Every structure is written in C-alpha cells, then in structure tokens.
Amino acid sequence: MPGFEIFGSEEKKEIMDVLDTGVLFRYEFNEQRNGVFKVREFEEQFSQYCGTKYGQAVTSGTAALKVALMALGVGPGDEVITQGFTFVATWEAILEVGAIPVFTEIDTTLNMDPADLKLKISDKTKCIIPVHMMGAPARIEEIVKIAAEKNISVLEDTAQAAGARIQGKHLGSFGNCGTFSFDSVKTMTTGEGGMIITDDEELWRSMSEYQDHGHDHKINPGARGGEGRRFIGFNYRMMELQGAIGLAQLAKLDSMVVAQKKNKLSLKEAASAIPGVSFRELIDEEGDSATFLAFILQDKNHSERVNSFLTKEGFGAINFSANSWHFYPKWEHLLEGKTLTSSGYPFSSAGGKRRIIFDPEALPQSCSLLERTLVYPIGINMGEEKLSSMRKILQKAAEI
Ligand SMILES: *Cc1c(COP(=O)(O)O)cnc(C)c1O
C-alpha cells in the first residue's frame with residue numbers, strides 16, 4: 001500500500017500553493033486565502049473520481065468511521081456487524097460511538113461471509129460494516145441486498161481499497177456511505193487523513209457539521225456561514241496541507257494500481273506452481289487494486305512449511321492468523337475488555353456490570369482459512385531484480 005513510494009514534485013507544488021497563502025485552515029480566512037481551498041477541492045475530486053455526489057474529508061480513516069456512524073445515528077443500544085479480519089480501527093469506532101461490535105466469519109474473498117452475516121443480524125443491528133480488506137471487494141452487492149431487506153444501513157470500510165472497483169463501480173459507493181484512509185501506508189496517502197463518500201445529501205450534511213463542532217453549514221453547504229447548531233459535534237477537520245497532498249496523490253492513484261497489478265500478476269504466476277495452491281477469490285479481477293497477493297495452501301502444515309522456506313530465502317510472507325492488529329482471536333485487549341475508564345466502559349456499563357463478552361473461539365472458519373493463507377504486500381517500485389528473485393523462490397517452494 002505504497003503512496004509514499006511516489007511522493008514527488010507534484011505533492012510539493014500543491015503544498016506550496018497552501019504555504020504561499022499561509023492559510024492552513026479549511027474554512028474562513030476568505031481575504032487571505034486567495035481562492036485556495038485544497039480540502040474542498042480534494043473532496044470534490046475524490047467523490048467525483050468514485051462516482052458519488054458528496055465527499056467529506058476528515059483527519060483519519062478511523063475518524064471517518066466514527067463520523068459516518070454518528071451521521072447514521074448509531075449509538076448505545078445498537079449493534080454493528082463487521083468482520084473478524086480487519087484493522088482494529090473498525091471496531092474501535094463502533095465502541096467509540098457506544099455501540100457493540102458483532103463479528104462475522106470471512107469467506108474465500110477474505111472478507112465478510114454473507115451467510116454468516118444473516119445469522120448474526122438481530123433486532124438491535126443498526127449498521128453493517130463490510131471491510132474491503134487488502135485492496136479487493138467483499139460480496140458487497142449481496143451484503144447490501146441482505147441489509148436492505150432488513151432496513152439496516154451499510155457503511156463500507158474502504159480504507160484499504162482506494163481505486164478498487166467492481167465492473168467499473170468504485171468500492172465505497174455501494175452502501176449508504178464508504179470510508180477511506182490516507183494514512184502513511186495506504187495506497188494513496190496524506191500522512192494522516194480520511195474521507196467519507198456518499199450520494200445521500202442529508203447524511204453528508206450531518207457528517208459535514210458533526211466534524212466541525214456542529215457548526216451549521218446551512219448557508220454554504222460544506223462550509224461555514226450560519227451561526228446556528230443542529231446538534232453537538234466534535235473536531236475531525238482535515239487541514240489544507242493534507243488536502244493539497246491528497247490532490248496530488250489522487251491524480252496518481254490509477255497509475256499506482258496499474259503498476260501494482262503488473263507486479264502482482266508476475267508473483268501470482270510464480271506462486272501458481274505450488275501444488276494445491278488456490279488464490280483469494282476476486283469478485284472482479286479487473287477491478288482489483290492489487291495491493292496484496294494472497295495465496296491459500298492445502299492446510300496449516302503446508303503453509304507453515306512453505307513460509308519457513310520463503311523466510312529462509314529472505315522473502316517470508318505474512319500470515320494474518322498470527323497478526324495481532326488484524327485478526328479477532330489476537331485482539332486480547334478487546335477479548336479481555338481492557339480500557340482506561342475506571343467503570344470499565346465500553347465493556348461494562350456505568351454500574352460496572354459487564355455488557356459485552358467476546359468468545360475467542362467464535363470464528364473457526366476464519367481461523368482455518370487464514371492459517372492456510374500467505375500474503376505478500378505489493379509495491380509500485382518493486383524492481384525487476386527483486387521480482388525475479390521472488391519468482392524463483394516461489395517456484396522452488398513448489399517442491400516443499
Ligand atoms: C488503516 C485502516 C483504518 C484506519 O485508518 P487510519 O487513517 O489509520 O485511522 C480503518 N480500517 C481499515 C481496514 C484500515 O486498514
């Protein structure tokens with residue numbers, strides 16, 4: 001996920017536009033700013049790129065999740081369903097708004113299993129957050145359909161899949177809204193930053209006002225003007241420097257995806273030689289943003305043997321079943337309910353009574369799938385030499 005690999009003169013030029021005005025704040029300062037509104041322009045261009053009507057920039061992908069959940073009206077008493085293979089930020093945001101996260105299994109897409117989703121919907125389910133992990137889609141059309149039948153909203157966590165599509169339609173544009181992250185390791189980066197896209201004007205207005213302390217944006221939609229307030233808010237405003245970098249990175253996004261696809265294909269061909277190997281199911285190979293190659297081996301033992309060989313040869317792969325930031329059984333702080341609050345909230349309610357208990361064994365299907373899965377991150381500038389060494393090692397792994 002390598003936007004940082006191609007940081008260059010385009011980003012510098014955009015940043016200089018901001019420094020020339022000296023206005024780092026996205027709102028107001030109208031006389032000084034000389035018509036420069038980088039965050040606003042970034043919102044417009046990003047939403048247009050994704051084919052949605054509105055974009056709301058915020059400080060991070062985690063903030064984007066929280067702002068979206070708030071705008072969807074999610075809070076205490078609600079359950080939000082997500083998948084057990086994601087980054088901790090997804091459920092941190094759910095707990096942050098006072099709701100309870102419920103975790104589904106993943107299937108061969110390595111994303112939310114719709115069959116398990118159906119089993120986990122309850123009358124408290126207010127929102128479903130499928131995560132498009134590692135640059136490729138969940139079964140989003142099926143998930144949106146299931147949600148619509150029950151009148152539940154869908155928020156797509158698209159933090160890892162900027163630039164990915166299904167038959168030309170961008171991930172993040174299928175549900176009620178989609179959130180993105182531009183942190184330092186994502187496909188396009190602004191250092192820190194996030195975005196929410198939506199076609200729903202009301203939802204966007206709520207997001208816009210919430211992330212700006214509740215300032216009413218009535219007179220100037222998406223900007224200040226009035227002095228009223230519809231509700232209490234918070235501060236998740238993106239600054240102009242991030243907006244500037246975002247514009248330069250967005251212009252490079254499609255070319256980043258092209259480079260990644262080429263590198264991924266080269267490694268995928270080599271990995272195909274491993275007996276019994278299969279690959280992560282892609283709903284639309286053409287629309288893959290190709291940030292990772294995931295290959296699935298015959299069983300846990302086979303995957304361990306192959307990976308210890310790859311590691312010995314200097315190209316060890318990631319096994320996410322052992323990863324403490326991305327997989328449910330490894331989130332000991334969640335499972336054990338560790339929090340700074342003296343009451344134990346959000347795991348306990350005000351009186352200290354435990355309100356959520358997580359079973360570490362709850363996701364056997366995800367465990368058995370991830371144990372067999374090996375993953376390589378794909379870069380833009382991997383270099384022919386490195387790729388060719390990796391290909392040779394993968395071909396040799398076929399004999400393990
Ligand atoms: C990175 C990431 C986030 C959070 O984004 P930040 O900008 O780092 O806060 C949320 N969800 C997923 C799946 C991520 O990978």
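This dialogue discusses how to read the fold, one helix and one loop residue of a predicted model.

Reader: Which elements of secondary structure should I look for, and how many helices and strands does the chain have?

Author: One begins by listing the regular elements. In this predicted model, the chain has 12 helices and 12 strands.

Reader: Why may the chain be called as compact as a globular protein of its length?

Author: One compares its radius of gyration with the value expected from a rule. Here the radius of gyration is 22 Å, close to the 21 Å that the globule rule gives for 400 residues, so the chain is as compact as a globular protein of that length. Along the principal axes, the C-alpha atoms fill a box of roughly 70 × 55 × 40 Å.

Reader: What percentage of the residues is buried?

Author: A residue counts as buried when its relative accessible area is under 20%. Of the 400 residues in the chain, 59% are buried. The accessible surface comes to about 16,800 Å², and carbon and sulfur atoms account for 52% of that surface.

Reader: What do the contacts say about residues distant in sequence?

Author: One takes the contacts between residues at least 6 apart in sequence and asks what share is long in range. In this chain, 68% of those contacts join residues at least 24 apart.

Reader: How should I read a single helix, and which residues of helix H6 are buried?

Author: One notes the buried positions, then their directions around the axis. In H6, which spans residues 140-149, the buried residues include Ile 140, Ile 143, Ile 146 and Ala 147. Seen down the helix axis, the buried residues fall within an arc of 125°, so they line one face of H6. Lys 145, Ala 148 and Glu 149, on the other side of H6, are exposed.

Reader: Against which elements do the buried residues of H6 pack?

Author: Their partners are helix H5 (114-120) and the strands S4 (125-129), S5 (153-157) and S6 (165-166). After H6 comes Asn 151, whose phi is positive, near 60°.

Reader: Where is Gly 73, and how should I read a residue in a loop?

Author: One locates the residue between its neighbouring elements, then examines its exposure and contacts. Gly 73 lies in the loop between helix H3 (61-71) and strand S2 (79-83). Its relative accessible area is 41%, and Gly 73 is therefore partly exposed.

Reader: Which residues does Gly 73 touch, leaving aside those up to four places away in sequence?

Author: Gly 73 touches Asp 78 and Lys 126. Gly 73 is also 54 residues from Cys 127 in sequence, while their C-alpha atoms are 9.4 Å apart in space.

Definitions and conventions. Residues numbered from 1 in each chain as written. Predicted model: local features only at pLDDT ≥ 70, side-chain atom pairs only at ≥ 80, totals over all residues. Heavy atoms only, no water. Helix = DSSP H or I, 4+ residues; strand = E, 2+ residues; numbered from the N terminus. Rg over C-alpha atoms; globule rule 2.2 N^0.38 Å. Buried < 20%, exposed > 50% of the residue type's maximum accessible area, 1.4 Å probe, protein only. Contact = heavy atoms within 4.5 Å. Areas by Shrake-Rupley, 256 points an atom, 1.4 Å probe, with all protein chains shown as cover. Arc of directions from axis to C-beta.
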